[in-house]
Amino acid sequence: MYALDSAQIRALDQETIQVLGLPSVVLMDQAAQAVAHQVMVWADRSRRDRRGTETVVLCGPGNNGGDGFCAARHLFLEGMPVRVFLVGGKDKMTRDARVFHDHALCLGVQVAELEEGGAAWDSLGQALKHADVVVDALFGIGLSRPPGGAFARAIREMNGCGAYRIAVDVPSGVDADTGEVPGICLQADETVTFCMPKKGILFFPGAGMAGKVEVAPIGIPPFLVERLEGKLRVLDGSAGAWLPKRPRDAHKGSCGRVLVVAGSPGMPGAAVLAAKAACRSGAGLVKLFMDRSIRDVVHMSIPEVLGTSYDRAEGLDSGVLQELEEALGWADAVLAGPGLSLDPFAEGLVRQVLEKSRIPVVLDADALTLAARNPDWLRDRKAPVVLTPHVGEMARLSGMSGDDVARRMEATAREYARAQGAVMVLKSARTVVADPRGETCLSLGGNNGMATAGSGDVLAGLVAGLLGQGAEPFGGACLGVHLHGLAGDLARDALGERSLLATDLLSHLPQAMKRISEEM
Ligand SMILES: NC(=O)C1=CN([C@@H]2O[C@H](COP(=O)(O)OP(=O)(O)OC[C@H]3O[C@@H](n4cnc5c(N)ncnc54)[C@H](O)[C@@H]3O)[C@@H](O)[C@H]2O)[C@H](O)CC1
Ligand SMILES: [K+]
């Protein structure tokens, strides 16, 4: 599945209509049938007699409204009571919307026009009072500014009624491309979107307005979708294809060696979480390059982890750098950053990793901040790099504001990946993974319970562990993100969301790994 923007979906529309000769009203009718079907599904699920289920449809002047008129037709032909209210005026209607508006009228569907100051608002109020379902067909991908006037009032009325709210394609008020909600917006219980989900209902805040998303085919051939440029792939179980195969005669030395450069005096936690996640990824050997002061607590927490320790108090001398270089020579992948701190000692370690590493490098947490301070380190590096910033760290790396990064998650990840020649894992409630060559994935997995200390350390360790087993950087990052979200959802299902801890992610990783291995 892909998340598409309005330009892509319009291009698909046009190709299907022009190249394949499928009339646009056929696409609209398919879309409308899907909406009407979901109304019937709701009636059946609520054990309501379909013919007793009252539906109110609010239509805008565009093709979103056209879907609404056409859906009303289908409900009417099913013998279901339906009322339609038009906002925006008949004179502004698109051709296809007009076709189904007129046909609905011919069938006997009641259509009233809502105008500012008009009398039909009372009828709308009455209709919504008795409605079981309300269908929002005001705006779809054509929204170009915050809804105002009669449109805003209609949205307020829909939000204020007790009916089950179904949005057509996009909840009215959501920017279909960015997910921004510039003004008033429908709070949908469900969104029936067509062909492929629109980016605006997968990225927040739009994702928070869409409710349950149903994706309905409307006759656009898959091969047209596949050949679209710049698609945003939505991660699912197929991410398992990126899981490195294990040698048949596996032994601990042949299942990946991962070096974790993490932790600092008094800060063992992040290092433990990251190293444990690398172990849980299936890597054969994980070695922590750590300060002597945390060695005991690390070995108590993870007996499986090897360790090379240094004494930060003695300062960063050539001996430590030599040991780090030797450890890099031992490893198949390296993670630097969790709990490393930002002092000159830590700076020296990250610099050494980027200068000397010929194996894939994952930079997380403090290493990202240090790399942002020294941009030439990334530029001059010799190894493939995966960066795993959250929005704030991305702001520091890119010089953008956090709000701008949050508003342009996909574009920011793509641009920075290309500029740095690095794989970007840009983390937020929706995480985007971008490859320097342009391939980009979106993870819908995970939940609010994962917004907790250490969650990022687990992800970074997981990604490094997969790269250490031979996953290529982009695939390993995508698989790590997918597994991380799946483990988080499994943990939430078992423990609830509120009290989730990063250690719960670790304990649910085996189940997540088992799940994707079985789906392959
Ligand atoms: N392939 C598909 O996915 C198909 C989608 N269909 C539906 O068509 C709409 C898109 O229709 P469009 O006419 O382009 O735009 P909208 O109906 O979303 O918008 C209506 C119209 O309203 C004007 N407008 C925009 N913002 C405002 C505002 N704030 N206030 C007032 N007026 C506004 C603007 O002129 C818009 O054109 C898509 O979402 C699907 O529902 C097809 O039915 C089938 C194929
Ligand atoms: K809508």
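## Exercises on a predicted model

Helix α12 (residues 344–356) lies across three strands: β10 (257–261), β13 (333–336) and β14 (361–363). Keep in mind that you're working with a predicted model.

**Exercise 1.** Work out at what angle helix α12 runs to β13.

*Solution.* Start by finding α12 at residues 344–356 and β13 at 333–336. Then compare their directions: α12 runs at about 155° to β13.

**Exercise 2.** Find the strands that stand at the edges of the sheet, and say why one side of each has no neighbour.

*Solution.* First, write down the order of the 11 strands: β1-β9-β18-β17-β16-β15-β14-β13-β10-β11-β12. The sheet is open, with mixed pairing. Next, look at the edges, where you'll find β1 (2–3) and β12 (306–310). Each has a single partner strand, so one side of each is left without a neighbour in the sheet. For β1, check the pairing with β9 (residues 232–234): 2 bridges join these strands, and they run antiparallel. You can spot Tyr 2 opposite Arg 233 in β9.

**Exercise 3.** Describe how helix α9 packs with helix α18, and sort the residues of their contact by class.

*Solution.* Two packed helices are described by the angle between their axes and the distance between the axes. Here, α9 (residues 269–280) and α18 (residues 455–468) pack at about 35°, with axes 7 Å apart. Now add the handedness: α9 passes α18 in a right-handed crossing. Then pick out who meets whom: residues in α9 including Ala 270, Leu 273 and Lys 276 meet residues in α18, among them Asp 457, Val 458 and Gly 461. Finally, sort the contact residues: 10 are nonpolar, 2 polar and 2 charged.

Terms used:
Residues are numbered from 1 along each chain as its sequence is written. Chains are lettered from A and ligands numbered from 1 in the order in which they are written. This is a predicted model: local features need pLDDT of at least 70, side-chain atom pairs count only at pLDDT 80 or more; totals for chains, interfaces and linings use all residues. Two strands pair if DSSP finds at least two bridges between them. Helices (H or I, at least four residues) and strands (E, at least two) are DSSP runs, numbered from the N terminus. Two residues are in contact if their C-beta atoms, placed from the backbone, lie within 7 Å. Axes are lines fitted to C-alpha atoms, for helices over the stretch in contact, and angles run from 0 to 180 degrees between N-to-C directions. A crossing is left-handed if the near helix is turned anticlockwise from the far one by less than a right angle, and right-handed if clockwise. Ala, Val, Leu, Ile, Met, Phe, Trp, Tyr, Cys and Pro count as nonpolar, Asp, Glu, Lys and Arg as charged, and the others, Gly among them, as polar.
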